[in-house]
Amino acid sequence: MITFLLITLIAVFGHSEDFLGTTLLSRPLVLGPLVGWALGDLQQGIIMGGTLELIFMGNIKVGAAIPPDVITGGVLGTAFAILSGKGIAIALALAIPISILAEMLLSGLFVFRSVFNKYFMVYAEEGNYRKVQRLHILSGLLKPLLMGLITFLALQLGSQMMKTFLDAIPHWVNAGLQVAGNMLPALGFALLMNLMFNKRVAPYFFLGFMLAAYLKLPVIAIGGLGLIIALLVTRSRPGENPQENNEEDGSENLKQMLPVKINLTNGDLRRVFTRSLLLEANFNFETWQNTGFAYAMIPVLKKLCTTKESMSRALKRHLQFFNTSPYGSTLILGITAAMEVQNSADPEFDAESINAVKSGLMGPLAGVFDSLFWGTFKVIAAGVGTSLAVKGNISGAILFLIIFNTPHLLLRYKLTFTGYKTGTKFLQNLARSHVMDKLTYGASILGLMVIGAMPATLLSIKTPLIFGTKDSGVALQGILDQIVPGLIPLGLTLLVFYFVRINMKTTYLLLGLLALGFIGSGAHVFA
Amino acid sequence: MIKLTRIDDRLLHGQVAFTWTPALGVDCILVANDKVAGDEFQKMALGLAKPPGAKLLIKPITGAISFLNDPKNTHQKILVIINSIKDARALCEEVSEIRSVNFGGIRNKEGARSISKSVSVTDAEVRLIREMLDKGLELEVRQVPTESRQMLKNLI
């Protein structure tokens, strides 16, 4: 009972990620060890978390496309597998269907939350920012509480039944699941490749593979090499980059424009940053992150809006539809804050332009920051993290969080100030200096090298086939290892990638890999 | 060759830059929108989100129509993005190559009802949709390429 409560708390913690800046605390790599610890088997928890992370690696959250709920699936899958004394294969077999079911439930919740939008508008009409804040948080809490309740019920009611059911699974199913489980990460790798792979950067994928397969370099070393190569390849020639001069022009222009009466302090902007961490807490399918945006703007509005009417207008303005990448949200928040300052100082200012800028930027900046963080930082963090975790090393989870969140939080913090001080000029400079081209190019080099290393380090599929008779035969795997180590994992990844490219549905690929695993194991072709 | 015609009220953003562009292997993204084509700030912002390996064109609807009908451009693999059903219909009328339209995201507004997670339509838009369906166009709802497509005719 106590352990069930602990595991429930872990699921609640995972689902609270939307309050904690989408910092990837909810990934299986992090929650797995916690579940293992709660059940007294930390080692198993780490390994299961790492393996689940591999399989769900290509599952990313872009825009409002909601991936399977790996939090509930991962926590319950790991817990049931450890409780029943079964291995990793069972954790996988349970986590996948549970996360798909839980995703449906979450979609329902995101639809339901739209109901609250009326109340938000009523509170905004009253100019009552306190009520807006409170409802944002209360409605946000529904997700962790609901999913926590479901986790608890599943454990309380299901664990005995689950154990009986799992004990009845025949050995051959287990063996098949084992092999299939080893193959499934290929799907994750292929989905990631699909995000970055093009002719121009294709060689870097194979470079990453060779460094891992032949030189046996760990993923972290390949990440470091990738970073150096990306920097060298995208380095600008002297005189090519006039960015710094422009930046000075920009800030001067803006100062002239501003007849400043009230200025926001650094403390105000820091509060905007802190509140931006709750941006996604009340995500809903009607207006998406709107209440999160209003919530983050409230420290600014409190200072600028002296009358009930101006507060009401401002709240309504910021409760409009909004959706962007949480990682770059502070840039838009900063720019909006600067425009609100202008708006309060200049009666001629067109308040409509605030929302025009917001909605003009939210899409493009989501493109920039989602690619950078999901496509590069997450890939490297997960590559390094899982390669340690599958060996049972707890530092995998810790490094994963550090590698992702150091650039994330630093940049997110700094962008609040950049947005406020230089406004949209900063973006115009970015556009003029072609920095973005270089950044995305460099990021895809780095990302692809790390993905290339993954089949060689993280997929263990071998063949027990032997040529000739049992006594004097030659093992096929031995020959392969001498020519191209990791040829089977590479071949499988490329095969899945081909099917992803021709737009086969992920569910079919998942089932196909399961079937291949079972048949391969039954026919003794793969082990 | 037009690989996809997509309605998305945020035009070019994460889902487009990051999932559709590589999945379709496009080398040209055409944003067709009268307002954006005349707005330097918006053009600049969209330029930032341009994925590597593809070029970005921003044209008014009429400009987009003549670009798409120009035989010189048929060798390019094009992703066309518009932000409203009205613009989509205008394009379909004039560009015979477009046989299918992807509904990516249309946010909720006054008088609209939501017909899927990401798409809301008004009654006037439903009429436009019926006209397009009557012309034999395939209308499907999908945010990202790995999702399964829902046919719009079953949703309205």
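User: In this predicted model, is Thr22(A) buried or exposed?
Analyst: Thr22(A) has 20 other C-beta atoms within 10 Å. The cut-off for burial is 20 or more. Thr22(A) sits in the loop between helix H1 (2-15) and helix H2 (28-38) of chain A. By that count, Thr22(A) is buried.

User: What is the phi of Thr22(A)?
Analyst: Thr22(A) is a residue other than glycine, yet its phi is positive. The value is near 50 degrees.

User: Where does Leu11(B) lie, and is Leu11(B) buried or exposed?
Analyst: Leu11(B) is in the loop between E1 and helix H1 (14-24) of chain B. Its phi is also positive, near 50 degrees, in a residue other than glycine. Within 10 Å there are 27 other C-beta atoms, so Leu11(B) is buried.

User: Is Asn263(A) buried or exposed?
Analyst: Asn263(A) belongs to the loop between helix H12 (243-257) and helix H13 (266-276) of chain A. The exposed class ends at 12 or fewer neighbours. Asn263(A) has 11 C-beta neighbours inside 10 Å, so the residue counts as exposed.

User: What separates the C-alpha atoms of Asn263(A) and Leu516(A)?
Analyst: Along the chain, Asn263(A) and Leu516(A) are 253 residues apart. In space, their C-alpha atoms are separated by 64 Å.

User: Which element supplies the largest share of the largest nonpolar core?
Analyst: This core holds 199 residues. Leu92(A), Ala186(A), Ala453(A) and Val31(B) touch the most other members. The largest share is 19 residues, and it comes from helix H17 (residues 352-389) of chain A.

User: Which residue of helix H17 (352-389) of chain A is in contact with Ala453(A)?
Analyst: Neighbours within four places in sequence are left aside. The contacts of Ala453(A) then include Phe209(A), Leu211(A), Val219(A) and Ile222(A). The list also holds one residue numbered within 352-389, the span of H17(A). That residue is Gly383(A).

User: Which helix gives the largest share of the side of chain A that touches chain B?
Analyst: The contact takes 39 residues from chain A and 34 residues from chain B. Helix H9 (185-196), H17, helix H19 (425-433) and helix H20 (435-458) of chain A each supply at least two residues of the chain A side. That side divides into 17 nonpolar, 17 polar and five charged residues. The largest share, 11 residues, comes from H17(A).

User: Which are the edge strands of the seven-strand sheet in chain B?
Analyst: The sheet is open and its pairing is mixed. The order is E3-E2-E4-E1-E5-E8-E9. Each edge strand pairs on one side only. They are strand E3 (55-59) and strand E9 (150-151).

User: At what angle does helix H4 (residues 61-69) of chain B run to E2(B)?
Analyst: Strand E2 (residues 28-32) of chain B pairs with E3(B) in the parallel sense over five bridges. Within this pair, Ala32(B) stands opposite Lys59(B). H4(B) lies across strand E1 (2-8), E2 and E3 of chain B. Its angle to E2(B) is about 145 degrees.

User: What are the bridge partners of Val141(B) in E5(B) and E9(B)?
Analyst: Along strand E8 (residues 138-141) of chain B, Leu139(B) and Val141(B) point to one face and are buried, while Glu138(B) and Glu140(B) point to the other and are not. Strand E5 (residues 100-105) runs parallel to E8(B), joined by four bridges. E9(B) runs antiparallel to E8(B), with two bridges. The partners are Phe103(B) and Gln150(B).

User: What ipTM and pTM does the model score?
Analyst: For chain B, the mean pLDDT is 92, and 100% of its residues reach 70 or more. The model as a whole scores ipTM 0.84 and pTM 0.90.

Methods: Residues are numbered from 1 along each chain as its sequence is written. Chains are lettered from A and ligands numbered from 1 in the order in which they are written. This is a predicted model: local features need pLDDT of at least 70, side-chain atom pairs count only at pLDDT 80 or more; totals for chains, interfaces and linings use all residues. A nonpolar core is a set of buried Ala, Val, Leu, Ile, Met, Phe, Trp, Tyr and Cys residues joined through C-beta atoms within 7 Å. Two residues are in contact if their C-beta atoms, placed from the backbone, lie within 7 Å. Ala, Val, Leu, Ile, Met, Phe, Trp, Tyr, Cys and Pro count as nonpolar, Asp, Glu, Lys and Arg as charged, and the others, Gly among them, as polar. pLDDT is the predictor's confidence in each residue, from 0 to 100. Two strands pair if DSSP finds at least two bridges between them. Axes are lines fitted to C-alpha atoms, for helices over the stretch in contact, and angles run from 0 to 180 degrees between N-to-C directions.
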